Structure formats: C-alpha cells, structure tokens
Amino acid sequence: MTSRFLYEAPESFAQAASKLKACADARVILGGTDLMVLLEKNVISVEKVLDLTKIPNVRDITEREDHYLFGAGVTFAQLDQWAKAHPVYRALGEAAVSIGTPQVRNIATWVGNLCNAVPSCDMGAPSLIFDAKVQTIDAAGDVKWLPVRELFAGPKRTVLKHDELVTHIKLPMADGSARSSYQKFGPRKASDLAYVGVGVLLRRDAEGRVADLRIGLGAVGPTPLLVGGLERFVGQRLDDALCREIGDAAAQAAKPITDFRATEAYRRELVAVETERALRVCMDGLQ
C-alpha cells in the first residue's frame with residue numbers, strides 16, 4: 001500500500017524548484033510510471049510529491065530556427081508521432097515505442113526516462129547520437145543548458161542537484177540527408193528492459209561513402225555511452241564488410257557486465273549484431 005504524502009501542483013518550474021529546496025524529501029512527478037510503482041511497493045517513501053503536469057506548455061513541441069524544443073512533459077506517444085513526421089529522427093520514435101505499453105507511453109516522458117538514469121534507459125542512446133541537451137533551472141533561478149552526455153553520473157544517478165529540474169530538451173536540426181535507427185534486444189519488443197540498445201545516425205555522400213556516423217549504446221555500461229573513434233570510417237564505402245567492422249568497433253567500445261539477464265560476452269555480440277541491423281535500416285532509408 002502506498003504511504004501517505006502531501007500533494008502540490010506548482011504553477012512553474014521555478015516554483016517547483018523552490019519547493020524542492022524547502023523539502024529534502026520531496027519528489028517531482030510528470031508521468032509517474034516509475035515513481036508511483038516505487039511508492040506502491042514501499043521501496044521509497046516521500047514527504048511531498050510535486051505534480052509538474054499543471055505547468056503551462058509543459059507538453060509542447062516547438063520548432064525553432066536551428067533546433068526543436070521539447071517540453072519536459074512530452075510523452076513517448078507524442079515523440080513517436082513527431083518522429084514519424086521527421087524521418088531523420090526515426091531512432092527516437094523507435095526507442096519511444098519500445099518502452100512499456102500504449103497506456104504507459106501515453107503518460108511516460110522522455111525527460112523522466114533520462115533523469116531516472118537507468119543504464120538501460122531506451123532514450124539514452126538516441127539522445128546521444130543527436131547531441132541533445134537539457135535545460136535546467138534551480139531554486140536560485142539559475143538556468144543552464146547541459147549536454148545529455150554530461151547528464152549521467154552513474155547507475156540511477158545524474159549530476160542534477162535536488163532542487164534542479166529539467167524544463168526542456170533541445171534537439172539540434174540534423175542534416176536532412178541523414179537517417180537513424182534504434183535497435184533493442186530483450187525478451188520482448190516492449191514492456192521490458194533492454195539487454196542491449198543501439199542508436200545509429202548515418203549520413204552518406206552522393207557516392208555512397210560514409211559522411212557522418214554516430215553510435216550510442218545502452219545497457220552495456222554504467223551509463224548510456226557514445227562510441228568514439230568512428231572518424232576512421234568516414235570516406236569509406238558502406239558495404240557488408242564495413243558494416244561488420246563498424247559493429248565490431250561498437251562491441252569493443254561497450255562496457256558490459258555479466259548479470260542475471262546476460263553475460264558480458266553475449267552482450268558484446270548483441271552490440272555488434274544490433275549495430276549492423278541499425279546501419280542497414282539507415283541504408284534502406286537513404287536509398
């Protein structure tokens with residue numbers, strides 16, 4: 001049974017940050033698909049829950065001159081529909097629909113998935129390949145932008161202070177000639193944590209050579225990670241052999257562990273396989 005707590009609905013992020021500052025045992029809620037489960041199972045108890053869904057425009061998606069701005073309340077269902085209209089960002093939509101059930105996706109949020117900082121969070125890898133940033137505000141009113149790659153501090157930990165809240169995600173406008181894909185391996189296509197998650201962003205030139213390549217990995221390290229050293233593949237023609245070589249490079253960059261879900265060796269093999277699959281989806285989209 002869920003323990004009792006105080007409920008408040010701040011009218012702004014600044015107000016919510018101040019309330020967090022005043023109460024060390026307060027938590028915020030947007031979708032609540034994780035928090036409410038923890039409370040129901042008495043894994044945690046809180047003094048106060050701050051409902052951010054009442055903040056104006058919290059679920060807005062806005063197009064700016066060189067980027068898109070997503071409110072902290074944008075749900076996976078919204079993100080999926082948006083990605084279908086923006087083919088470059090297919091990886092975001094594929095990650096969104098791999099999470100939970102339709103009922104969960106209707107309320108769970110992109111920001112919540114990142115801020116929970118679970119190593120297997122599905123939105124980590126695709127956020128990294130697009131150089132996404134989060135905007136934060138604290139109780140002092142200080143606003144800053146932070147790259148998602150700097151958000152994670154470790155398993156289930158971020159660099160955010162207790163009174164610091166994410167208000168928006170900024171997504172740079174990617175080159176329209178690029179394509180992306182997110183491939184996830186787990187017991188089921190959704191409603192389960194990934195054994196491995198791979199996000200790939202690929203751009204090829206007119207001759208079919210690699211012009212830009214980014215790979216993000218999830219569930220194979222203490223935090224989602226961006227694969228380095230891919231510059232060596234730029235300028236090479238993308239064929240089956242190169243796909244395998246890139247897959248092997250991603251597997252070597254992974255930092256998996258052995259646990260009850262999978263062994264380290266199995267996860268490395270999955271990284272290679274899912275990277276190749278993501279590359280081929282991108283190649284098909286560029287035909």
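Contact here means heavy atoms within 4.5 Å. Keep in mind that this is a predicted model.

**Exercise 1.** Place Gln 183 in its strand, decide whether Gln 183 is buried or exposed, and list what Gln 183 is in contact with beyond four places in sequence.

*Solution.*
- Start with the strand: Gln 183 sits in S11, which covers residues 179–185.
- Next, accessibility. The cut-off for buried is under 20% relative accessible area. Gln 183 comes in at 18%, so Gln 183 is buried.
- Now the side chain: Gln 183 and Ser 181 share a side-chain polar contact of 3.0 Å.
- Finally, skip neighbours within four places in sequence. Gln 183 is then in contact with Glu 94, Val 196, Gly 197, Val 198, Glu 274, Arg 277, Ala 278 and Val 281.

**Exercise 2.** Work out how helices H3 and H4 cross, and which residues make the contact.

*Solution.*
- Take the axes of H3 (residues 76–84) and H4 (residues 90–97): they come within 8 Å and cross at roughly 145 degrees.
- The handedness of this crossing is left-handed.
- H3 brings Phe 76, Leu 79, Asp 80, Trp 82 and Ala 83 to the contact, while H4 brings Leu 92, Gly 93, Ala 96 and Val 97.
- Sort those by class and you get seven nonpolar residues, one polar and one charged.

**Exercise 3.** Describe the surroundings of Gly 235 and how accessible Gly 235 is.

*Solution.*
- Gly 235 is in the loop that runs between strand S14 (225–226) and helix H8 (240–253).
- Its relative accessible area is 41%, so Gly 235 is partly exposed.
- Leaving out residues up to four places away in sequence, Gly 235 touches Arg 209 and Val 210.
- Arg 204 is 31 residues from Gly 235 in sequence, with 8.8 Å between their C-alpha atoms.

Methods. Residues numbered from 1 in each chain as written. Predicted model: local features only at pLDDT ≥ 70, side-chain atom pairs only at ≥ 80, totals over all residues. Heavy atoms only, no water. Helix = DSSP H or I, 4+ residues; strand = E, 2+ residues; numbered from the N terminus. Buried < 20%, exposed > 50% of the residue type's maximum accessible area, 1.4 Å probe, protein only. Polar contact = N/O pair within 3.5 Å; in protein donor to acceptor, adjacent residues only side chain to side chain. Axes fitted to C-alpha atoms, helices over the stretch in contact; angles between N-to-C directions. Left-handed = near helix turned anticlockwise from the far one by under 90°. Nonpolar A, V, L, I, M, F, W, Y, C, P; charged D, E, K, R; others polar.
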